[in-house]
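Here's a quick walk through one model, meant to be read with the structure open beside you. Start with a helix, then work outwards from there.

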Amino acid sequence: PSYNLSAMIIWALGVFIAALAAFLSAQDYRNHRKPLPMHPLPSSSSSAPTNERTYTAHQPSTSNSPPPDSLELTPLHALGFIVMASSALLVLFFLKIYSFVKIMYAFGCSGALTQVFFFPIYTKLFTSTKYKRYMSQVCINTPLCEIGAVSRIEVLSAMSGYALGLAWLILAFTLRHPENNVFFWVVQDIMGACMCMLFLSIIKLNSIRVASILLIVAFLYDIFFVFVTPLIFKGQSVMITVATSGGPPKADPSWCEKYPTDADCQGGDPLPMLLTVPRIADYQQGASLLGLGDIVLPGLLLSFAARFDEAKKLVGFMRTGSATPTNRSPHTCPPDSPAGRICGLLCNGGYFVPLVIAYAIGLLCANIAVYVMNMGQPALLYLVPACLGTMVVLGKRRNELDDLWHGPKVIRAADAMVYGEEEFETPNTENTLSEGGGSVGAPLGTVEEGPNGDVPLLSLT
């Protein structure tokens, strides 16, 4: 068929994983907001202004401390990432060590399966049974590799994750075209999804300045290795060649169907560092592919948007006991109509939902271009302008672009509340976060209301 349903499935899968991973990256802010009791503090003076309602704030919880391997990206990290990615791609292209990649991917994703998939499932499962205390008990305690204390439920999760990864790896080396095996490609996609979620839970962007550097350089990287390298390497695209483990078979599909062991019928198996869905009802077989980089790189910006939205809600909740921001942009939208609701979402709402929509549109454009141009496309060519452009336009319309560019203070404030990494500045500090007037100069544990009833404006060291 000229168009295959697998292309739509891979599109929907990519959008879902990117949105879910980014949404979950802000879960600490949501968890911290739920149990907060907001009690107005008694006024210390009867002459205190009536617009300075002060609330007790939840003290930073050590149980919510970020993982030690959490990393905030800097411009140097962004450039280093591209250098390393380019080097790895060229090494694979020239040395063709695709089997080594499969082994490393299997073990790496087994760890992601353990943390993201099996551990939450087993925790939920055993919580409601009489074995809860037994499974939570420590069964291994070793200083080796800083492992420390390990509970039975963690051991069970690791055994399940690595057993599934080993089964996938065995199929990868024993089947001629493993990507057509349902168990193989389903497990590969689950492992890829877990890897994306783990990546976005660890790697953070705290400004669109770093996001712009990373995404623009990745944008150029993708274009170079897909469109420019065929001019250098005698018609071979480095990106497509590596993604398909050496390129598609040279022989005609009908010939390969009769003589699958022929040398010209070898190759074309997708490298595991991507999502894959076999083409449906197509005798020529093949698959629709989406690289994990096309999820996690724009996903970093989606994660930043989700964390920014939730940070504003958390800070607003600290002040008023409500997560609804009061500093809406002054754009007027038609009331009580679909157009009005869309206008309100795009002009006065958060950033996360518009960016998910932009990601979906960009990925759809990349999908359409594959069929129009009849060749593989660098998805970042469409995703970077869609996502980064949407963030910049919305920030400009809402007068928040400067804050987003240099790093929103509201995210630092939310981190201080949740993780206790920073402290609020003293009342004498001049540097405040302005989001419509007013300031906060209260010590840690109190948040004052601005003179115009705005979302609290936090100042941090």
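**Starting with helix H6**

In H6, the buried residues are Ile 153, Ser 157, Ser 160, Gly 161, Gly 165, Trp 168, Leu 169, Leu 171 and Ala 172. Keep in mind that this is a predicted model. The protein has 461 residues, and 45% of them are buried; its secondary structure comes to 16 helices and 8 strands.

**More on H6**

- What do the buried residues of H6 pack against? Their partners are helix H4 (98-127), helix H5 (132-136), strand E4 (148-151) and helix H7 (182-202).
- H6 covers residues 152-174, and at 1.5 Å a residue its 23 residues should span 33 Å. The end C-alpha atoms are 33 Å apart, so the expected span and the model agree.

**How far to trust it**

- Mean pLDDT for the protein is 79, with 72% of residues at 70 or more.
- Confidence is highest in helix H14 (residues 380-397), at a mean of 96, and lowest in strand E8 (residues 446-448), at 35.
- Two stretches deserve a second look on your screen. Residues 38-68 have pLDDT below 50, and in the model that stretch makes 60 contacts beyond near neighbours in sequence. Residues 422-461 are also below 50, with 104 such contacts.

**Helix H13 and the nonpolar core**

- H13 runs over residues 352-373, and its 22 residues should span 32 Å at 1.5 Å a residue. Its end C-alpha atoms sit 31 Å apart, which agrees.
- The buried residues in H13 include Phe 352, Leu 355, Val 356, Tyr 359, Leu 363 and Asn 367.
- Right after H13 comes Asn 374, with a positive phi of about 55 degrees.
- The largest nonpolar core holds 100 residues, and Leu 301, Tyr 359 and Met 391 have the most contacts inside it. Helix H11 (residues 293-320) supplies the largest share of that core, 14 residues.
- Which residues does Tyr 359 touch, once neighbours within four places in sequence are set aside? Its contacts are Gly 14, Val 15, Ala 18, Asp 294, Ile 295, Pro 298, Leu 302, Leu 383 and Cys 387.

**Two residues on H11**

- Phe 308 sits in H11. Its relative accessible area is 1%, under the 20% cut-off, so Phe 308 counts as buried.
- Leaving out neighbours within four places in sequence, Phe 308 contacts Tyr 351, Glu 400, Leu 404, Pro 408, Val 410 and Ile 411. Take Pro 408 from that list: Phe 308 and Pro 408 are 100 residues apart in sequence, yet 7.6 Å apart in space, C-alpha to C-alpha.
- Glu 310 is in H11 too. Is Glu 310 buried or exposed? It's buried, because its relative accessible area of 7% falls under 20%.
- The Glu 310 side chain makes a polar contact with the side chain of Arg 30, at 3.3 Å. Contacts of Glu 310, again setting aside neighbours within four places, are with Ala 26, Tyr 29, Arg 30 and Arg 33.

**Ser 207, in a loop**

- Where is Ser 207? Look in the loop between strand E5 (203-204) and helix H8 (208-232).
- Ser 207 has a relative accessible area of 6%, which is under 20% and therefore makes it buried.
- The side chain of Ser 207 reaches the backbone nitrogen of Val 210 at 3.4 Å.
- Beyond residues up to four places away in sequence, Ser 207 touches Phe 304, Leu 404, Trp 405, His 406 and Gly 407.

**Positive phi outside glycine**

- Lys 96 isn't a glycine, but its phi is positive, at about 55 degrees. You'll find Lys 96 in the loop between helix H3 (75-95) and H4, and at 47% relative accessibility it counts as partly exposed.
- Asn 399 is a residue other than glycine with a positive phi, near 60 degrees. Asn 399 lies in the loop between H14 and helix H15 (401-406). At 71% relative accessibility, Asn 399 is over the 50% cut-off, so it counts as exposed.

**Whole-protein numbers**

- Of the contacts between residues at least 6 apart in sequence, 71% join residues at least 24 apart.
- The accessible surface is about 23,000 Å², and 64% of it belongs to carbon and sulfur atoms.

Key. Residues are numbered from 1 along each chain as its sequence is written. This is a predicted model: local features need pLDDT of at least 70, side-chain atom pairs count only at pLDDT 80 or more; totals for chains, interfaces and linings use all residues. Side-chain values use heavy atoms; hydrogens and water are left out. Helices (H or I, at least four residues) and strands (E, at least two) are DSSP runs, numbered from the N terminus. Buried means under 20% relative accessible area, exposed over 50%, partly exposed in between (1.4 Å probe, protein chains only). A polar contact is a pair of N or O atoms within 3.5 Å; within protein, one must be able to donate a hydrogen and the other to accept it, and residues adjacent in sequence count only if both atoms are side-chain atoms. Contact means heavy atoms within 4.5 Å. pLDDT is the predictor's confidence in each residue, from 0 to 100. The expected span of a helix is 1.5 Å times one less than its number of residues. A nonpolar core is a set of buried Ala, Val, Leu, Ile, Met, Phe, Trp, Tyr and Cys residues joined through side-chain atoms within 4.5 Å. Accessible areas come from the Shrake-Rupley method with a 1.4 Å probe; for residues, only the protein chains shown count as cover.
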